[in-house]
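I opened a fresh page for this chain and wanted to see how its parts fit together. Here are my notes, in the order I looked things up.

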Amino acid sequence: MHGSLKDSLEDTFVNKGFDKQALNATLKRRFKTGERRAKIIARDQTSKTIGKLTKLRHQQIGIKEYDWFTSGDERVREDHAMMHGTRQNWEITPSTGHPGEAVMCRCVAIPVIE
């Protein structure tokens, strides 16, 4: 019996790091996904993992706030574009979620260090 998608992706992250090609291969092999679908899932899960790690690292060292930044291109969602440059608190989840939480989000949290 194959493990869950989450378990397979976590195993790939642990053993291969944030290697999207390794994630694509895992998805295609274990879950019989096509190339396009595997790339989308790998990109999305990488962004989500990086977003979660950023939040955890910030909180572990006492950073309570971050400035929200988008990738600044035409693919940025309207609601994320409205968040660009705003100051956010890790304890208060905005309606958009924190950077990296939404599907295919490419936004980042820049720590506010007083």
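Before reading the sheet I settled one term: two strands pair if DSSP finds at least two bridges between them. I also keep in mind that this is a predicted model.

**Entry 1: the sheet.** I looked up the strand order first. The sheet is open, has 3 strands and runs β2-β1-β3, with antiparallel pairing. On its edges I find β2 (87-89) and β3 (108-111), each of which pairs on one side only. I also checked the twist: neighbouring strands are turned by 45° against each other on average, with direction ignored. A reminder to myself: strands of a sheet pair through backbone hydrogen bonds, either parallel or antiparallel.

**Entry 2: β1 and β3.** How many bridges join β1 and β3? I get 4 bridges, in the antiparallel sense, with β1 covering residues 65-69. Following Tyr66 across, I land on Pro111 as its bridge partner in β3.

**Entry 3: the whole chain.** Stepping back, I listed 4 helices and 3 strands. Read from the N terminus on, the elements go α-α-α-β-α-β-β. The C-alpha trace spans about 45 × 35 × 20 Å along its principal axes. Of the 114 residues, 36% count as buried. The chain exposes about 7,500 Å², and carbon and sulfur atoms supply 53% of that area. I then looked at contacts with a separation of 6 or more: residues 24 or more positions apart account for 57% of them.

**Entry 4: the aromatic pair.** I searched for paired rings and the structure holds 1 aromatic pair. Its members are Tyr66 and Trp90, with ring centres 4.2 Å apart and planes at 40°. Why is the pair called tilted? Planes under 30 degrees apart count as stacked and those over 60 as edge-to-face, so a pair at 40° falls among the rest, the tilted ones. The pair links distant parts of the chain, since Tyr66 sits in strand β1 and Trp90 in the loop between β2 and β3, 24 residues apart. I checked the accessibility of both residues: Tyr66 is buried at 0% relative accessible area, and Trp90 counts as buried at 3%.

**Entry 5: His98.** Where does His98 lie? I find His98 in the loop between β2 and β3. Is His98 buried or exposed? Its relative accessible area is 1%, and buried means under 20%, so His98 is buried. I then went through its polar neighbours. The side chains of His98 and Tyr66 are joined by a polar contact of 2.7 Å. A polar atom of the His98 side chain also lies 3.3 Å from the backbone oxygen of Trp90. Both members of the aromatic pair therefore turn up beside His98, which touches Tyr66 and Trp90. Beyond four places in sequence, the residues that His98 touches also include Lys55, Trp68, Asn89, Ile92 and Thr93.

**Entry 6: Asn24.** My last stop was helix α2 (residues 20-31), where Asn24 is found. Asn24 has 9% relative accessibility and counts as buried. Which residues is Asn24 in contact with, leaving aside its neighbours within four places in sequence? I noted Glu35, Ala38, Lys39 and Ala42. For Glu35 I also took the spacing: its C-alpha atom is separated from that of Asn24 by 7.4 Å, and the two residues are 11 residues apart along the chain.

Terms used: Residues numbered from 1 in each chain as written. Predicted model: local features only at pLDDT ≥ 70, side-chain atom pairs only at ≥ 80, totals over all residues. Heavy atoms only, no water. Helix = DSSP H or I, 4+ residues; strand = E, 2+ residues; numbered from the N terminus. Axes fitted to C-alpha atoms, helices over the stretch in contact; angles between N-to-C directions. Buried < 20%, exposed > 50% of the residue type's maximum accessible area, 1.4 Å probe, protein only. Polar contact = N/O pair within 3.5 Å; in protein donor to acceptor, adjacent residues only side chain to side chain. Contact = heavy atoms within 4.5 Å. Areas by Shrake-Rupley, 256 points an atom, 1.4 Å probe, with all protein chains shown as cover. Phe/Tyr/Trp six-rings, centres within 6.5 Å; stacked < 30°, edge-to-face > 60°.
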